[in-house]
Number of protein chains: 2
Amino acid sequence: MGVNSLQPNKQDTLSEHVFEQIKEDIITGAIPQGRKIVETDLAKSYHISRGPLREALQKLESIHLVDRRPHSGSRVITLDSTMMRDVYQMREAMEGFATRLACVAMSQADIDNLYRLLEKHENSIKRSEGQRYFQKEGDLDFHYYVFSKCQNQWLIDYLNNKLYQVLRMCRHRTSQLPFRVEPALYDHYAIVDAINNRDPELAEILMRRHISGAWKVVEKLLNQEENKESI
Amino acid sequence: MGVNSLQPNKQDTLSEHVFEQIKEDIITGAIPQGRKIVETDLAKSYHISRGPLREALQKLESIHLVDRRPHSGSRVITLDSTMMRDVYQMREAMEGFATRLACVAMSQADIDNLYRLLEKHENSIKRSEGQRYFQKEGDLDFHYYVFSKCQNQWLIDYLNNKLYQVLRMCRHRTSQLPFRVEPALYDHYAIVDAINNRDPELAEILMRRHISGAWKVVEKLLNQEENKESI
DNA sequence: ATTATAAATATTGTTAACAATATGGGTGTT
DNA sequence: AACACCCATATTGTTAACAATATTTATAAT
């Protein structure tokens, strides 16, 4: 089960291709937050003309990675704590609900796969404490697997293509902060247990708590960071 | 408090203007569901060139009103019962959560406004049984008012600009079906009571039930319609 | 008749020039 | 020195032509 198991998109057209490129550049910070985007310049640097570039920018706007104002131009969004809170709240609502739906729709084989996935994560944690990055990817794999079984195409699309892209950006921003991964693993086990017992109510509640808990941790770390800066 | 109280958009640019036009034409059925869209033709009929038209189409795609496939073209979506179920589920999750947030964030003045709004609806129902259309608009006003106070800009944007546009399309599709409006009014009162008691848990649950109940009614009517056709 | 192949047409993707709007800087006035 | 105004420049919005791809039609073979 590879990282990022959902479709990597064909990139058939110039506009799509360059959209993916810019998206990654924004998420990884290669294009920094808040940077003004000048269409002419960006088009040159990606070796395309302004037409497809504008389409790419519009797509980026639709997943909230850039702000555009008519006649005025575009800039990369800035992830302040308000926006991150908004994203985590959305995630709590939508992924909670997706978990409820998935709990009903999953086959037993799906559930078995989930248990195996968690065992893999557990081993990877025991073996090596160092590689936090890989472990975060593991976290993503788990969440992807669950919500992708909810059978609601709108929900899957929104989580996969919009929320999780901004979430990746949040994680990049907070990647130097020290997280503990064990508690997350326990949460994950509890969620799969609830799914295994076919208890959608509980599964939703646990997923919600898992996410709101994650936000509380991030919020705290952000505040500490802020205080450091203001000293 | 007018119908559709949130921003009608400036329409400063050609692309935005024509986006709004096509959007309405799709929602009202002036452009029928499933219709193939040919850029050249549509551009001519709205008296613009293909550039801004393509931008408008992309926007329409981002709110799920048209499907686009590279090199192949666009067509207006078809509202089958699966898609309508998806939309109502999304609404249940997101608007339920928005209600929870709004319950915490609303001022007492907001709550008083809500009560006044419901009284107006009640009177309008008592006075005239006939004008179902207006009463549905009233229903929209109520929902708008609640979720617009949730303080989460992402949530508001998604509900207002995406979900509710498709929902309007659903309603157009089912506008000839016979609905009863009194039960909805009672639901609304119960929700505002929960908000007034500052009980976010309950407010969310009631809003969820209200929406899933609405879907059950629509689903039933759709099935009856289907059966009629197959006779 | 049906299927497969190839030319012709239609449609979308891309580019570059042009028009309209916003932005920044300088000049003059108070 | 601060403010308002106008001009020059930069940037975005729009158009029309061109290129690449998909779709249809016509033709030929089985």
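Which residue has a side-chain N or O atom 2.8 Å from a phosphate oxygen of DNA strand D? It is B:Thr13. Keep in mind as you look around that this is a predicted model. The notes below take you through the protein surface near DNA strand D and then the interface between chain B and chain A.

**Around DNA strand D**

- There are 18 residues around the strand, and those that come nearest are A:Arg50, A:Arg54, B:Thr13, B:Leu14 and B:Ser49.
- Of the atoms of DNA strand D that come within 4 Å of the protein, 74% belong to sugar and phosphate.
- By class, the residues of this surface are 5 nonpolar, 9 polar and 4 charged.

**Backbone atoms facing phosphate**

- In A:Ile37, a backbone N or O atom sits 3.1 Å from a phosphate oxygen of DNA strand D.
- For A:His71, the distance from a backbone N or O atom to a phosphate oxygen of this strand is 3.0 Å.
- Both chains supply elements that give two or more residues to the surface near DNA strand D: from chain A these are helix H2 (39-45) and helix H3 (50-62), and from chain B they are helix H1 (14-27) and helix H3 (50-62).

**Where chain B meets chain A**

- If you want to trace the contact yourself, look for 34 residues in chain B and 34 residues in chain A.
- The size of an interface is often given as the accessible area lost when the parts come together.
- Here, the area buried between the two chains is about 3,100 Å², with carbon and sulfur atoms giving 57% of it.
- On the chain B side, B:Gln58, B:Phe97 and B:Trp154 lose the most area to chain A, and together they make up 25% of what that side buries.

**Salt bridges and polar contacts across the interface**

- Chain B and chain A are linked by 4 salt bridges.
- B:Glu204 and A:Arg208 form a salt bridge, with their closest N and O atoms 2.4 Å apart.
- Polar contacts join 14 residue pairs across the interface, counting pairs in which both residues have pLDDT 80 or more.

**The chain B side in detail**

- Four elements of chain B give two or more residues to the side that touches chain A: H3, helix H4 (81-105), helix H7 (153-173) and helix H9 (200-230).
- H4(B) gives the most, with 12 residues.
- Sorted by class, this side of chain B has 13 nonpolar, 8 polar and 13 charged residues.

How values were computed:
Residues numbered from 1 in each chain as written. Chains lettered and ligands numbered in written order. Predicted model: local features only at pLDDT ≥ 70, side-chain atom pairs only at ≥ 80, totals over all residues. Heavy atoms only, no water. Near = heavy atom within 4 Å. Polar contact = N/O pair within 3.5 Å; in protein donor to acceptor, adjacent residues only side chain to side chain. Nonpolar A, V, L, I, M, F, W, Y, C, P; charged D, E, K, R; others polar. Contact = heavy atoms within 4.5 Å. Buried area = accessible area lost by both parts, 1.4 Å probe. Salt bridge = Lys/Arg side-chain N within 4 Å of Asp/Glu carboxyl O.
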